[in-house]
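Q: Hey, I've got a protein open here and could use a hand reading it. Can we go through it together?
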Amino acid sequence: MKNLLLLIKLISFNVYCQDSWQFSADKQKHFIAGAVPSLVASSVISNINQDNPKYLKGFIIGASVGSGLNLAKEGFDLLGFGTPSYQDLTYGVLGSIVGSA
């Protein structure tokens with residue numbers, strides 16, 4: 001039953017979260033919230049071994065960390081603790097990509 005309710009919420013996600021795509025203050029916060037952890041994670045992973053830096057590995061892990069945090073936040077909102085939004089998730093993932101680059 002719990003899974004069925006979650007499925008219904010996921011299907012109706014776009015019905016009750018009509019949001020703007022404008023780069024407003026809220027979207028800037030989501031972008032930064034994706035960029036900062038990605039920047040930290042990619043910097044740490046890329047430079048663990050100074051003799052042989054792994055930039056691609058750092059990029060992938062950094063982008064994954066930031067995107068995962070944004071996905072978790074929107075999932076938390078989806079459970080009723082906030083207002084879920086595809087637009088917020090998109091800006092968070094874009095921030096993760098930029099931050100890890």
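A: Sure, and let's get one term straight before we start: a salt bridge is a side-chain nitrogen of Lys or Arg within 4 Å of a carboxyl oxygen of Asp or Glu. Also keep in mind that this is a predicted model.

Q: Okay, how many salt bridges does that rule give?
A: The count comes to four salt bridges.

Q: Before we look at those, what's the chain built from, helices or strands?
A: The protein chain has five helices and zero strands. Reading from the N terminus, the order is α-α-α-α-α.

Q: And how much of the chain is buried?
A: Of its 101 residues, 29% count as buried.

Q: Back to the salt bridges. Which residue does Lys27 meet in one?
A: The side chain of Lys27 meets that of Asp88, at 2.9 Å from N to O. This pair ties together distant parts of the chain, since Lys27 sits in helix α3 and Asp88 in helix α5 (residues 86-100), 61 residues apart.

Q: Is Lys27 buried or exposed?
A: Lys27 is buried, because its relative accessible area is 2%, and under 20% counts as buried. Asp88 is buried too, with a relative accessible area of 4%.

Q: Which residues are linked with Lys27 in a network?
A: Asp26 and Asp88: together with Lys27 they are linked in a network of salt bridges.

Q: What about Lys73, which residue does it bridge to at 2.4 Å?
A: That's Asp77, with 2.4 Å between the closest N and O atoms. The two residues are four apart in helix α4, so about one helical turn separates them.

Q: And which residue does Lys73 meet at 3.7 Å?
A: Glu74, in a salt bridge between the two side chains, again taken N to O.

Q: How accessible are those three?
A: Lys73 is partly exposed, with a relative accessible area of 36%. Asp77 is buried at 7%, and Glu74 also counts as buried, at 5% relative accessibility.

Q: Changing topic: how do α3 and α4 pack?
A: Helix α4 covers residues 55-81, and α3 packs with it at an angle of about 145°, their axes being 7 Å apart. The crossing of α3 and α4 is right-handed.

Q: What kinds of residues make up that contact?
A: The contact of α3 with α4 has 10 nonpolar residues, nine polar and three charged.

Q: Now the outside. Which residues make the nonpolar surface patch?
A: Ile32, Val36, Val40, Val44 and Ile48 make the patch, which is about 470 Å².

Q: Where is Val36?
A: Val36 is in helix α3, which takes in residues 25-46.

Q: And why does Val36 count as partly exposed?
A: Because its relative accessibility is 46%, and partly exposed means in between the cut-offs of 20% for buried and 50% for exposed.

Q: Last one: what about Ser96, buried or exposed?
A: Ser96 lies in helix α5, and Ser96 is buried, with a relative accessible area of 0%.

Q: How far is Ser96 from Leu69?
A: Ser96 and Leu69 are 27 residues apart in sequence, and their C-alpha atoms are 9.5 Å apart in space.

Methods
Residues are numbered from 1 along each chain as its sequence is written. This is a predicted model: local features need pLDDT of at least 70, side-chain atom pairs count only at pLDDT 80 or more; totals for chains, interfaces and linings use all residues. Side-chain values use heavy atoms; hydrogens and water are left out. Patches are made of residues with over 30% relative accessible area and no salt bridge: like charges are joined within 9 Å, nonpolar side chains (Val, Leu, Ile, Met, Phe, Trp, Tyr) within 5 Å. Accessible areas come from the Shrake-Rupley method with a 1.4 Å probe; for residues, only the protein chains shown count as cover. Buried means under 20% relative accessible area, exposed over 50%, partly exposed in between (1.4 Å probe, protein chains only). Axes are lines fitted to C-alpha atoms, for helices over the stretch in contact, and angles run from 0 to 180 degrees between N-to-C directions. A crossing is left-handed if the near helix is turned anticlockwise from the far one by less than a right angle, and right-handed if clockwise. Ala, Val, Leu, Ile, Met, Phe, Trp, Tyr, Cys and Pro count as nonpolar, Asp, Glu, Lys and Arg as charged, and the others, Gly among them, as polar.
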